[in-house]
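Me: I am new to this structure and would be grateful for a close look at a single part of it. Please set that part in the context of the whole chain.

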Amino acid sequence: MLSSVARVALRRSPARLASIRCYSEGATGAPRPGGEKSADTFTKREKAQEDLYVRQVEAQKLKALREALKKQREHLDDIEAHLDALEKK
């Protein structure tokens, strides 16, 4: 019996044998069964890094919006000054 299994295994090409992967439970990327309570240090650190990245991206977007608002206010001030100058003539 063992020799027949060995012969079958030897007949298979090495590439095919190397391409077979076995995954243990929990290595599929699915959420852990216990939810947040079962989070280990790695998942906590990963979540903290993701949260930090999101906050940085949001801060950049907010900064860009404030700059656009500042330019728009300057433009409106220029238009008002121009209209005031035209009304005085």
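Reply: The following account begins with the whole protein and then turns to one helix.

This is a predicted model, in which local features need pLDDT of at least 70 and side-chain atom pairs count only at pLDDT 80 or more, while totals for chains, interfaces and linings use all residues. Residues are numbered from 1 along each chain as its sequence is written, and side-chain values use heavy atoms, with hydrogens and water left out.

The protein contains three helices and zero strands, following the pattern α-α-α along the sequence. Helices (H or I, at least four residues) and strands (E, at least two) are DSSP runs, numbered from the N terminus. The mean pLDDT, the predictor's confidence in each residue on a scale from 0 to 100, is 78 for the protein, and 56% of its residues reach 70 or more. Confidence is lowest in helix α2 (residues 14–19), with a mean of 54, and highest in α3, at 95.

Of the 89 residues, 1% are buried; buried means under 20% relative accessible area, exposed over 50%, and partly exposed in between (1.4 Å probe, protein chains only). The protein exposes about 8900 Å², of which carbon and sulfur atoms supply 57%. Such areas come from the Shrake-Rupley method with a 1.4 Å probe, and for residues only the protein chains shown count as cover.

Helix α3 spans residues 41–88. The side chains of Asp51 and Lys47 meet there in a salt bridge of 3.1 Å, N to O, a term for a side-chain nitrogen of Lys or Arg within 4 Å of a carboxyl oxygen of Asp or Glu. Because Asp51 and Lys47 are four residues apart in helix α3, about one helical turn separates them. Asp51 is partly exposed at 32% relative accessible area, and Lys47 is likewise partly exposed, at 41%. The count comes to one salt bridge.

Two surface patches also deserve attention. Patches consist of residues with over 30% relative accessible area and no salt bridge, joining like charges within 9 Å and nonpolar side chains (Val, Leu, Ile, Met, Phe, Trp, Tyr) within 5 Å. Leu76, Ile79, Leu83 and Leu86 make a nonpolar patch of about 340 Å². Leu83 lies in helix α3 and is partly exposed, at 45% relative accessibility.

Glu67, Glu74, Asp77, Asp78, Glu80, Asp84 and Glu87 gather in a surface patch of negative charge. Lys and Arg count as positive and Asp and Glu as negative, whereas His and the chain ends are not counted; each charge is placed at NZ of Lys, CZ of Arg, CG of Asp or CD of Glu. Asp78 belongs to helix α3 and is exposed, with a relative accessible area of 55%.
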